[in-house]
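User: Could you take a close look at one part of this model for me? I would like to understand how the protein meets the DNA.

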Protein chains: 2
Amino acid sequence: MTIGDVAARANVSKSAVSFVFNGRPGVGEAARERILAAARELDWRPDARARALSRSRAQALGLVIRRAPELLSNDPFFPQFVAGVESGSSDGGYALVLQVVPDRAAEKRAYERFAHESRVDGVFLTDMRLDDERVGELDRLWLPHVVVGPAAASDEPAGTIGLDDAAGVRRAVRHLSALGHRRIAHVAGVPGYVHSEVRRQAWEQELVALGLAPGPVVEGDFTGAAGARATHELLDRSDPPTAIVFANDLMAIAGMSAAADRGVRVPSDLSVVGYDDIPLAPYVQPSLTTVRQDVVEWGRACALALIATVEGREPDRVALPAAEFVVRGSTGPVPADRAPLGRPADDQPTGR
Amino acid sequence: MTIGDVAARANVSKSAVSFVFNGRPGVGEAARERILAAARELDWRPDARARALSRSRAQALGLVIRRAPELLSNDPFFPQFVAGVESGSSDGGYALVLQVVPDRAAEKRAYERFAHESRVDGVFLTDMRLDDERVGELDRLWLPHVVVGPAAASDEPAGTIGLDDAAGVRRAVRHLSALGHRRIAHVAGVPGYVHSEVRRQAWEQELVALGLAPGPVVEGDFTGAAGARATHELLDRSDPPTAIVFANDLMAIAGMSAAADRGVRVPSDLSVVGYDDIPLAPYVQPSLTTVRQDVVEWGRACALALIATVEGREPDRVALPAAEFVVRGSTGPVPADRAPLGRPADDQPTGR
DNA sequence: CTCGGGGACAGAACCGGATTACTCCTCTGC
DNA sequence: GCAGAGGAGTAATCCGGTTCTGTCCCCGAG
């Protein structure tokens, strides 16, 4: 089933068929009808490979995910993001080529292959790090790309599509402050990642804006184990926080569990805020107060922007829905014996 | 940068270059060296599009996921499976093309496009239903495929790559039975899906094998909401179960939460078993006893099998690691007042 | 010494469309 | 009545590889 068969059946030349299927003028109504009918009868559609070759465009977008395969399900971001990206790509007529690589070297090779073999027309850059060198590499490979990440405060590379991560975290801090909390800690993500830093900075800046001292920060790595460890570390302090803002839900839930293990009750003794709003967030004990982003829509926007870039158009500045703060059961008023502003209760650690 | 440039630089014809890069004989050592050197210097690699066209092979595999985008992150299966599939595909030199579709009609169109446009050489069939009509459709499209799913007891279509779901569930039931439980309920997955049915049957068969009456079954849909609802329904009965085997972790965790809400303690009043071993399973209160599968390896095996099929080879029967039963804190001895075999304690609902 | 065979390569056709450069033909305007 | 413009449609070329068909040359066997 080739374009030639359709042309023969419609009694026209291959070019006429091509014209019709690419929406260009130069074919009369009668012929167009015959061609469409022939194509329908033969159930023909232009071969993607041949089309890719002759238009020198793969009509595909690439997404390289650098993560150990077994850790991929830790991250609620990717499934949603992939779904959104795919939805946007499909709508634009592009296929999505996915690749999962374990480390930096493999990631670099993946981009090189994508570029050299013309497998994809553009790629998404996720998990941005501070001073990420990949942007330069892609430029050198002439591989169009969009950067997926929270809008970094400064020097954000052009073509960044991001949600305002910071707003959600600020809302969380204000919420805790309004509940009377004064010692609000943060369990951060892996240092060096833009989204980790943005969330940490938002937490710090909002505290400062509220006239509070930035509480302790513990570095995590977005895993449950890290969340539990960080929580123990914070509660072991002589001045334990009355509230913790975690950089993601997985750490937050593990943190609540760690707190429960040492007899610290959430939210009466300790308030907890997560980030992501994973499906399980409403169903843990207590249900988790967190920040929700529309990741699917974000992915769609990224795909649309990348397609525009690939096709030489200027991607239109999209307004993504802001992160939403979801109040549930894991946050509550500061414990009565810890509240007073003037009286530090540092000598009385929470629990046991 | 084309094969012609390389040929010119090495003073040979295009065919010689092609031969070298496809490992066929007919090129002398001297020429081969010159060609490889030229290719290296020019940093040339065969263009995937051109190669796809002339070999009439896309060198890509397709994975169509039918699921509402926002529900995709409910499922711990896909990220891992995708990672495994991608790993296997890459190793075999194939790219992975992903598509997420919302419904049956879109799924059908997706396969048709894949086939007609020759975008992929084969596809994976997931989320098998009983009497799935898709296998026939793919055969009609001449689209090679492998079926991804638990080995169904009977009439499994050829080319099914699956882990033994049933073994894990049976282990769970035996574990609960050994702890003294006699009324073991099941919260099933969406009916009609092979993996739902396999788990339900395994639960039932093992109970029968142990000489116990199959307890009540409630149909769920793998979501947290369903898990909570089903748990309430079971605990509302006049003869509430002392243990529940859930078809997945999300429902199990939501179920534990629902139990806690009504004062039923896990595991002292109620034992709970999940399925999947999501990253959070060890970090909920109490930690969740569940069944773990090596989904990544499973995905790899599927990819390798599909590649073999596509290339006309007979896929070699792989032995996948069996599902593993992980005992944690959510299962315990049957409550003392409910244990006796001869004395039904049905009139005394647990809790409140 | 000659003929057959095979290895090492070159050249051309081909994969299935897109695109460009033309060729008609008809309608318009003067 | 005729030149020119523009629409309809065709033939040829190209995209960048793969593969089939030949050609040349060298070597060994008879």
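Analyst: A backbone N or O atom of A:Asp47 sits 3.3 Å from a sugar or linking oxygen of DNA strand C. This is a predicted model, so please read every distance here as computed from predicted coordinates. Side chains of chain A reach the phosphates of that strand too: a polar side-chain atom of A:Arg24 is 3.2 Å from a phosphate oxygen of DNA strand C, and for A:Asn22 a polar side-chain atom is 3.3 Å from a phosphate oxygen of DNA strand C. Both chains supply helices to this surface: the elements giving two or more residues to the surface near DNA strand C are helix 2 (14–21) and helix 4 (48–54) of chain A, together with helix 2 (14–21) and helix 4 (48–54) of chain B.

Stepping back to the whole surface, 28 residues surround DNA strand C. The closest are A:Ile3, A:Ser18 and A:Trp44 from chain A, with B:Ser13 and B:Gly28 from chain B. On the DNA side, sugar and phosphate make up 59% of the atoms of strand C that come within 4 Å of the protein. What classes of residue form the surface near DNA strand C? Twelve are nonpolar, eleven polar and five charged.

Now for how some of the helices pack. In chain B, helix 1 (residues 3–10) packs with helix 2 at an angle of about 105 degrees, their axes being 8 Å apart. Angles of 65 to 115 degrees count as roughly perpendicular, which means that helix 1 of chain B is roughly perpendicular to helix 2 of chain B. From helix 1 of chain B come B:Ile3, B:Gly4, B:Val6 and B:Ala7, and they meet B:Lys14, B:Val17 and B:Ser18 of helix 2 of chain B. By class, the residues of this contact are four nonpolar, two polar and one charged.

Chain A offers another helix pair to look at. Helix 1 (residues 3–10) of chain A packs with helix 3 (residues 29–42) of chain A at about 125 degrees, with 8 Å between their axes. That angle makes helix 1 of chain A oblique to helix 3 of chain A, and helix 1 passes helix 3 of chain A in a right-handed crossing. On the helix 1 side of chain A are A:Asp5, A:Val6, A:Arg9 and A:Ala10. These meet A:Arg34, A:Ile35, A:Ala38, A:Ala39, A:Glu41 and A:Leu42 in helix 3 of chain A. The contact of helix 1 with helix 3 in chain A has six nonpolar residues, no polar ones and four charged ones.

Conventions: Residues numbered from 1 in each chain as written. Chains lettered and ligands numbered in written order. Predicted model: local features only at pLDDT ≥ 70, side-chain atom pairs only at ≥ 80, totals over all residues. Heavy atoms only, no water. Axes fitted to C-alpha atoms, helices over the stretch in contact; angles between N-to-C directions. Helix = DSSP H or I, 4+ residues; strand = E, 2+ residues; numbered from the N terminus. Parallel < 35°, antiparallel > 145°, perpendicular 65-115°, else oblique. Left-handed = near helix turned anticlockwise from the far one by under 90°. Contact = heavy atoms within 4.5 Å. Nonpolar A, V, L, I, M, F, W, Y, C, P; charged D, E, K, R; others polar. Near = heavy atom within 4 Å. Polar contact = N/O pair within 3.5 Å; in protein donor to acceptor, adjacent residues only side chain to side chain.
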